[in-house]
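This report goes through one protein chain part by part. The sequence and the structure come first, and the notes follow.

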Amino acid sequence: MDSISMLGGSRSPLFLTAPSSHHLRHTQACFLPNGTKSRVGDPETVCLPAQSTVAILGSGDFSKCLTIRLLRSGFHVVVGSRHPKLAAQFFPHVVDVTHHEDAVGKAGIVFLAIRREHYSVLWDLKHLLEGKILVDVSNNRRVNQYPESNAEYLASLLPDSIAVKGFNVISAWAMQQSCPKDASTQVFICSDSVEARQQIMELARQLNFLPVDMGTLSSSRDIENIPIQLFPGWKGPVLAAVALSIFFFAYSFVRDIIHPYVKYKQSDFYKIPIEMVNRTLPTVAITLLALVYLAGQLAAAHQLYYGTKYRHFPHWLEGWLQSRKQLGLLSFFLAAVHVVYSLCLPMRRSERYLLLNTAYQQVHANVENAWNEEEVWRVEMYVSFGIMSLGLLSLLAITSIPSVHSTLNWREFSFIQSTLGYIALLIATFHGLLFGWKRAFEEEAYRFYLPPSFMVALALPVCVILGKVLMLLPCVARKLHQIRRGMDSSHYRCQRLEPVGSAAHVSPERVTIM
């Protein structure tokens, strides 16, 4: 299994791990912990002697699971604990549970399964840890809790040792699984020592993990922040969805609840739990979907204005471009919930009462046939367009799944996300227009002089669709195509030769939800 290097380094497989490089000079063949034999002739190959010993300082849950994992891979494990007799009963009998001093002296690689607050105990072991590889697996309780990362603090505390950051993103639960299928197997590793980094990466492979080379120890702060971040890419999209939901709910509440109560003393507050929520969901969903594609159009306008694709996007636009997947998935989620709410509307007791009242009024008015051809066609088309738009949104959401995305080439993926995405937005817009129908031209629909909710919700999607039509005009499309092929007509050429920011990987003309 090859490692993933973020520094562009060698991807040659490293067969074995060694605490020091002198084993390479005197060994022509070495054995993996599972007993297989590997030839050693490549100068990049790193070897460990058979039955290599690994020390773990700490006797908590992570230490126990890591110990079992190492034993399964054929390593000999020594555990250092402040209370070895008490801790020994929680480890397999083949594990040597002893004091910190004895454990450190028996291994060249030492895992520190202790918190930063307890690093002071390492000071007394400084002379024993000299030249050894210290793997820091600790995490903090919050992001950027200390001025420097735990690994950098460890390196400053023990300058004669080799500090390596790794295994902190693997939970104790995932560690005890032989082949975890429902947990991440990536292990982010960084160190100022290239040799130590390679050794720990090979050890990770032996444990059936996928090592990711993060470079020098300065990356340890980012690695430590990974397991304690709470959906970092979702903060902006979720806040946008919440803000839009509050706005449209308040807007509908004023028009449909407050206005009848003020003008006619009619109490419609029973509509709040279901009907008002159901009116808010589609308006927010179509607005979020429009925001997905509006970002790409603004990026295209930026490139047209400056005549180059090499100029940096503004930070707000770059963040917007990187949030399109989340915005699209939130749009799909709200649209799906809207469908569920709509199916539940006839089940309400209030709807039954209204149906009986309508039937009574029809009988009382001696109306035998209340068929309205125009209304029948409107509702039929309204429901049909809604189903089609939800189907296309489902397709966009499915193709954003990494396992599905990886089976598509770029042209297929961009066709689904861009072309079909715009079609989904167009059909959803027709769905909203059919819902409103003639009410936009009726005076009584403007309550408190406020237009109906569907008009406010469709303003942005209509603008985005018109913007797409503008981008498809031959004169605009040709100019944009030339810019994206590398033509630079700007007065001030950028020194960079590749697109920057989000444009480095995603072309703004292919606005995706993935």
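## A buried pair in helix α7

In this predicted model, Glu-202 has a relative accessibility of 2% and counts as buried. Arg-205 is buried as well, with a relative accessible area of 11%. The two side chains meet in a salt bridge, with a distance of 2.8 Å from N to O. Both residues belong to helix α7, which covers residues 194-206, and because they are three residues apart there, about one helical turn separates them.

Side chains of opposite charge can pair when their charged atoms come close. The structure holds 17 salt bridges, and the pair formed by Glu-202 and Arg-205 is one of these.

## Salt bridges across the sequence

Arg-279 and Asp-256 also form a salt bridge, and their closest N and O atoms are 2.3 Å apart. Arg-279 sits in helix α10 (residues 272-306) and Asp-256 in helix α9, so this pair ties together parts that are 23 residues apart in sequence. The two partners differ in burial: Arg-279 is partly exposed, at 28% relative accessible area, whereas Asp-256 is buried, at 8%.

A further salt bridge joins Arg-348 to Glu-275, where the closest N and O atoms are 3.4 Å apart. Arg-348 is in the loop between α12 (324-344) and α13 (349-364), while Glu-275 is in helix α10, so the pair links parts 73 residues apart in sequence. Arg-348 is buried, with a relative accessible area of 12%, and Glu-275 is buried too, with 16%. These four residues are part of a network of salt bridges that also includes Arg-255, Glu-351 and Arg-447.

## Ser-220 and its contacts

Ser-220 lies in helix α8, which spans residues 220-225. Its relative accessible area is 0%, so Ser-220 is buried. Which residues does Ser-220 contact, leaving aside its neighbours within four places in sequence? They are Ser-149, Ala-151, Glu-152, Lys-165 and Cys-190.

## Packing of helices α16 and α17

Two packed helices are described by the angle between their axes and the distance between the axes. For helix α16 (residues 410-436) and helix α17 (residues 453-472), the angle is about 145° and the axes are 10 Å apart. The crossing of α16 and α17 is left-handed.

On the α16 side, the residues that meet α17 include Tyr-422, Leu-425, Leu-426, Thr-429 and Gly-432. The α17 side includes Phe-454, Leu-458, Pro-461, Val-462 and Lys-468.

## A nonpolar patch on the surface

Val-254, Tyr-261, Val-262, Phe-269 and Phe-448 make a nonpolar surface patch of about 420 Å². One of these, Tyr-261, lies in helix α9 (residues 235-264). Tyr-261 has a relative accessibility of 41% and therefore counts as partly exposed.

## The chain as a whole

The chain has 18 helices and eleven strands. It is 514 residues long, and 44% of these residues count as buried. The accessible surface of the chain comes to about 27800 Å², and carbon and sulfur atoms account for 61% of that area.

Among contacts in the chain with a separation of 6 or more, 72% are between residues 24 or more positions apart. The salt bridge between Arg-348 and Glu-275, 73 residues apart in sequence, was described above.

Methods
Residues are numbered from 1 along each chain as its sequence is written. This is a predicted model: local features need pLDDT of at least 70, side-chain atom pairs count only at pLDDT 80 or more; totals for chains, interfaces and linings use all residues. Side-chain values use heavy atoms; hydrogens and water are left out. Patches are made of residues with over 30% relative accessible area and no salt bridge: like charges are joined within 9 Å, nonpolar side chains (Val, Leu, Ile, Met, Phe, Trp, Tyr) within 5 Å. Accessible areas come from the Shrake-Rupley method with a 1.4 Å probe; for residues, only the protein chains shown count as cover. Helices (H or I, at least four residues) and strands (E, at least two) are DSSP runs, numbered from the N terminus. Buried means under 20% relative accessible area, exposed over 50%, partly exposed in between (1.4 Å probe, protein chains only). Axes are lines fitted to C-alpha atoms, for helices over the stretch in contact, and angles run from 0 to 180 degrees between N-to-C directions. A crossing is left-handed if the near helix is turned anticlockwise from the far one by less than a right angle, and right-handed if clockwise. Contact means heavy atoms within 4.5 Å.
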